[in-house]
Amino acid sequence: MASDGDGTSGGTVKVLNETWSGGNGKRGFIEGTAYKADPNSDEAKLKEFYVPPFLPIIPIVGDYWVLYVDLEYSCALVGQPSRSYLWVLCRENHMEEEVFSKLVQKAVDQGYDVSKLQRTSHSETPPPVSSDAGVGGDDTKGVWWIKSLFGR
């Protein structure tokens, strides 16, 4: 976490949410900042703040709860208080079925409906990072993020 400058533990984290579609080779991203929802709590409940490039006058704030992180920091489970969104994250291209099932069960135990959960295939490698696009590939400037709100 970045320091607030006053010595408190209520720092911020730079967040890069990125997507890549292997079918069309497009890569999109949006950058934001996350901070603890309650600086006095030990819970991993974050607020994430974005200023979308397509509408820079209206910031977007989201709630992200870190529900589980394994001891090696190789996988994590992240959700939202509404329990409408859930992410199973992994540092590698492949997650063992046993690990995935364990994380899904943790989500169920915390009241998440996992019936709509979609497992992403990582059989292809994303295009390399390109300095001229900021992140790489054909940058879509976060348009994918808005489409994801509508399930597209």
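This report walks through a predicted model of one protein chain, from its overall layout to its rings and cysteines.

Some ground rules come up front: residues are numbered from 1 along each chain as its sequence is written, and side-chain values use heavy atoms, with hydrogens and water left out. Because the model is predicted, local features need pLDDT of at least 70 and side-chain atom pairs count only at pLDDT 80 or more, while totals for chains, interfaces and linings use all residues.

**Layout and confidence**

The protein chain has two helices and seven strands; these are DSSP runs numbered from the N terminus, with helices (H or I) of at least four residues and strands (E) of at least two. Going along the sequence, the pattern reads β-β-β-β-β-β-α-β-α. Of the 152 residues in the protein chain, 24% are buried, where buried means under 20% relative accessible area, exposed means over 50%, and partly exposed covers what lies in between (1.4 Å probe, protein chains only). Contacts are heavy atoms within 4.5 Å. Among contacts between residues at least 6 apart in sequence, 33% join residues at least 24 apart.

How sure is the predictor? Its confidence in each residue is the pLDDT, on a scale from 0 to 100. The mean for the protein chain is 75, and 66% of its residues reach 70 or more. Among the elements, helix H1 (residues 97-109) has the highest mean pLDDT, at 96, and strand S7 (residues 138-139) the lowest, at 46. Residues 1-9 stay under 50, and the model gives them eleven contacts beyond four places in sequence. Residues 131-139 are also below 50, with 21 contacts beyond near neighbours in sequence. Where pLDDT is low, the predicted coordinates should not be read in detail.

**Strands side by side**

Two strands pair if DSSP finds at least two bridges between them. Strand S4 (residues 60-69) runs antiparallel to strand S3 (residues 45-50), and six bridges join them. Lys-47 has Asp-63 in S4 as its bridge partner. S4 is also joined to strand S5 (residues 75-79), again antiparallel, by four bridges. There, Val-69 stands opposite Ala-76 in S5. The hairpin of S4 and S5 has five residues between the strands, and in it Tyr-73 takes a positive phi near 55°.

**Rings and charges**

Now for the aromatics. Rings of Phe, Tyr and Trp (its six-membered ring) pair if their centres lie within 6.5 Å; planes under 30 degrees apart count as stacked, over 60 as edge-to-face and the rest as tilted. The structure holds two such pairs. One is Tyr-64 with Trp-87: the ring centres are 5.4 Å apart and the planes sit at 45°, so this pair is tilted. Since Tyr-64 lies in S4 and Trp-87 in strand S6 (residues 86-90), the pair ties together parts 23 residues apart in sequence. The other is Tyr-85 with Trp-87, with centres 6.1 Å apart and planes at 10°, so that pair is stacked. Tyr-64, Tyr-85 and Trp-87 form one aromatic cluster.

Gln-80, in the loop between S5 and S6, touches this cluster. Leaving aside neighbours within four places in sequence, its contacts are Asp-63, Tyr-64, Tyr-85, Trp-87 and Tyr-112.

Here is how these residues rate for accessibility:

| Residue | Relative accessible area | Class |
|---|---|---|
| Tyr-64 | 14% | buried |
| Gln-80 | 12% | buried |
| Tyr-85 | 34% | partly exposed |
| Trp-87 | 32% | partly exposed |

Two charged residues lie over rings as well, counted when NZ of Lys or CZ of Arg is within 6 Å of the ring centre and within 35 degrees of the ring normal. Lys-45 lies over the face of Trp-65, at 4.0 Å from the ring centre. Arg-119 does likewise with Phe-100, at 4.3 Å.

**The cysteines**

How many disulfides does a search of the whole structure find? Zero. A disulfide is a pair of cysteine sulfur atoms within 2.5 Å. The sulfur of Cys-75 has its closest cysteine sulfur in Cys-90, and at 6.3 Å that is too far for a bond. Cys-75 is buried, with a relative accessible area of 8%, whereas Cys-90 is partly exposed at 33%.

Notes. pLDDT = per-residue confidence, 0-100.
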